[in-house]
Amino acid sequence: MHVVVNAAMSADGKLSSRRREQISISGPEDFARVDALRAENDAVMVGIGTVLADDPSLTLDDQEHTEARRRRGDPPHPTRVIADSNLQTPPDAEVLSETAETIICTTTDAPVDAAATLEDAGATLIRAGTDRVNLPIAFEALSSRGVDSLMVEGGGELLFSLFDAALVNRLSVFVGSILIGGGDAPTLVDGRGFVEDFPALTLDSVSRIDEGALLEYTVE
Ligand code: NAP
């Protein structure tokens, strides 16, 4: 499965403020680029932290993209994928809207009641791992369900685990011309961080978009 990470960060590397509320870091040109990138992928993934903080729908905005997907025999919107070990996804979350399919990657220890509620709300569950979602196993299960390309939109906790498990092929990051600051504000890659074997990137392109820069990397 090909995995691309896409996120927008401030010039000081923050995805959001210490309040973890959604911040407008990019602009209309970048939103259109992100919509097009979503449309190219079979599935779009975030961590439960992002679902709880932003309540994103993760669906496509531009009808031209949904039409193009229909013409090539794909569902109009990519499948939404959530990493949620303890099934904390609210049953009324936007990611569970009927607009698109939703897969929740969870653990074998996840509460049974919550599993039933979320399945009733239309989600498909993949169980991988015990304490936290085992991402390599979850990704194999996604592959076997026909997900050949996955776009991951964050946040920093999930991204650390993905880079740590060497599951990412490409990274696109929009660097907005603002500073957010704060030691507790989420950054592009959080988790416990790396102290050795730092993931190496090859810079493929730099382009000016809106009032910021889009950096595109291949992950070695
Ligand atoms: P996150 O990465 O979205 O979700 C992290 C959660 O995912 C973990 O706490 C964990 O909760 C769950 N998870 C399940 N399996 C995991 C695994 N193997 N490794 C890591 N996590 C796993 O949350 P976040 O880091 O708090 O980021 C949320 C913030 O990022 C929000 O402020 C949001 O606005 C911001 N954000 C910004 C952008 C952007 O482009 N600027 C994009 C996305 C998000 P459980 O253990 O309970 O499962």
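Start with the whole protein chain in cartoon view: it has 6 helices and 9 strands, counted as DSSP runs of H or I with at least four residues and of E with at least two, numbered from the N terminus. The radius of gyration is 17 Å, close to the 17 Å of the globule rule for 220 residues, so the chain is as compact as a globular protein of that length. That radius is taken over C-alpha atoms, and the rule is 2.2 Å times the number of residues to the power 0.38.

This is a predicted model, where local features need pLDDT of at least 70 and side-chain atom pairs pLDDT 80 or more, while totals for chains, interfaces and linings use all residues. Residues are numbered from 1 along each chain as its sequence is written, and side-chain values use heavy atoms, without hydrogens and water.

Next, colour by burial. Of the 220 residues, 48% count as buried, meaning under 20% relative accessible area with a 1.4 Å probe, protein chains only.

Now select Met45, Phe139, Val152 and Leu162: these have the most contacts inside the largest nonpolar core, which has 34 residues. Such a core is a set of buried Ala, Val, Leu, Ile, Met, Phe, Trp, Tyr and Cys residues joined through side-chain atoms within 4.5 Å.

Zoom in on Leu162. Beyond its neighbours within four places in sequence, Leu162 is in contact with Leu135, Phe139, Val152, Leu167 and Val168; contact means heavy atoms within 4.5 Å.

Then move to a second, separate core of 17 residues, with Val44, Ala110, Leu118 and Leu125 among them.

How values were computed
Buried means under 20% relative accessible area, exposed over 50%, partly exposed in between (1.4 Å probe, protein chains only).
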